[in-house]
Amino acid sequence: KIRTGSNDRSGKREDKKEPGTVMETKCVPPMLIANNTKPLIVFFCFFMSTALANNNSLCQNEEDVLFSCITKQNKTISLCSAKKLAATEGYIQYRFGKKNDIEFIYPTNKDILANKAFQGRSQMFSGGGALYLRFKNKEYDYIIYSGIGKGWEICGLILLKNGKFLSYFACTDKSIQKLSPNLLEQLDLEKDEIEYFPSYIE
């Protein structure tokens with residue numbers, strides 16, 4: 001369970017299996033960059049690949065790893081991006097599975113700009129903060145979330161079905177994480193107006 005502080009909108013942790021996207025992982029919490037003073041917050045996603053950038057991701061050599069971690073089921077979640085990534089060029093792709101068996105990729109078309117495929121939001125909490133990316137696939141919402149507050153920490157995939165909580169799959173290892181509030185601004189990602197709080201995890 002995740003213990004919550006009195007001023008934090010956080011919640012309980014519950015891991016379940018979900019068709020098409022499975023995750024159980026534990027991440028490193030958001031941290032402040034010494035010479036930037038802005039929180040660098042974790043993220044993750046899934047990917048397909050042949051030539052892998054490293055052993056801990058599903059990204060290819062010609063891609064950057066924005067986020068990657070391994071789940072309890074020994075599946076990998078990776079967020080992979082083009083080397084040149086901006087509001088008007090490049091892509092971010094969410095990938096899930098194993099190196100030789102990618103189970104889910106979003107979006108499948110690399111011509112889609114990141115700000116057309118994802119929404120994002122950074123959050124400030126008492127004792128910490130959070131950052132997440134969100135996308136929709138049919139009746140499912142995928143929220144790649146990383147945050148920490150007083151007495152709680154969440155890092156992994158939150159899955160909703162028809163807008164209601166379905167599963168939370170947490171990272172089991174230290175994740176590769178390069179997402180930050182600055183990057184969300186640079187990519188001109190649409191702000192998620194249906195703000196998601198950890199307290200919504202049932």
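**Disulfides, a sheet and an aromatic cluster**

A disulfide joins Cys-59 to Cys-80, with the two sulfur atoms 2.0 Å apart. As everywhere in this passage, the values come from a predicted model. A disulfide is a covalent bond between the sulfur atoms of two cysteines. Cys-59 sits in the loop between β2 (39–40) and β3 (63–70), while Cys-80 belongs to strand β4 (residues 76–82), so the link ties together parts that are 21 residues apart in sequence. The link of Cys-59 and Cys-80 is left-handed, with -90° about the S-S bond. Cys-59 counts as buried because its relative accessibility is 0%, and Cys-80 likewise counts as buried at 0%.

The structure holds 2 disulfides. Besides the pair just described, Cys-69 and Cys-171 form a disulfide, and their sulfur atoms are 2.1 Å apart. Cys-69 is in strand β3 and Cys-171 is in the loop between β11 and β12 (176–177), so this disulfide ties together parts that are 102 residues apart in sequence. The link of Cys-69 and Cys-171 is left-handed too, with -60° about the S-S bond. Both Cys-69 and Cys-171 are buried.

Turning to the chain as a whole, there are 2 helices and 13 strands. Of its 202 residues, 52% count as buried. The chain exposes about 9,500 Å², and carbon and sulfur atoms supply 48% of that area. Among contacts in the chain with a separation of 6 or more, 58% come from residues 24 or more positions apart.

Six of the strands can be followed through one open sheet: this sheet of 6 strands runs in the order β11-β10-β9-β8-β7-β13, with mixed pairing. At its edges stand β11 (164–170) and β13 (190–191), and each has a single partner strand, so one side of each is left without a neighbour in the sheet. Strands of a sheet pair through backbone hydrogen bonds, either parallel or antiparallel. Within this sheet, strand β7 (residues 119–125) and strand β8 (residues 128–137) pair in the antiparallel sense over 7 bridges. For Arg-121, the bridge partner in β8 is Tyr-132.

Aromatic rings offer another way to trace the fold. The structure holds 12 aromatic pairs. One of them is formed by Tyr-106 and Phe-118, which meet edge-to-face, at 5.6 Å centre to centre and with 85° between the planes. Tyr-106 lies in strand β6 (residues 101–106) and Phe-118 in the loop between α1 and β7, so this pair ties together parts that are 12 residues apart in sequence. Tyr-106 and Phe-118 are both buried. The rings of Phe-135 and Tyr-142 have planes at 5° and centres 4.7 Å apart, so this pair is stacked. Phe-135 counts as buried at 3% relative accessibility, and Tyr-142 is buried with a relative accessible area of 2%. Ring pairs link Tyr-94, Phe-104, Tyr-106, Phe-118, Phe-135 and Tyr-142 into a cluster.

Two members of this cluster also meet a residue of a helix. Ala-117 lies in helix α1 (residues 114–117), and it counts as buried because its relative accessibility is 7%, under the 20% cut-off. Leaving out residues up to four places away in sequence, Ala-117 touches Tyr-106, Pro-107, Ile-112, Arg-134 and Phe-135. Ala-117 and Phe-135 are 18 residues apart in sequence, and their C-alpha atoms are 6.7 Å apart in space.

Definitions and conventions
Residues numbered from 1 in each chain as written. Predicted model: local features only at pLDDT ≥ 70, side-chain atom pairs only at ≥ 80, totals over all residues. Heavy atoms only, no water. Helix = DSSP H or I, 4+ residues; strand = E, 2+ residues; numbered from the N terminus. Buried < 20%, exposed > 50% of the residue type's maximum accessible area, 1.4 Å probe, protein only. Contact = heavy atoms within 4.5 Å. Areas by Shrake-Rupley, 256 points an atom, 1.4 Å probe, with all protein chains shown as cover. Pairing = 2+ DSSP bridges. Disulfide = S-S within 2.5 Å. Phe/Tyr/Trp six-rings, centres within 6.5 Å; stacked < 30°, edge-to-face > 60°.
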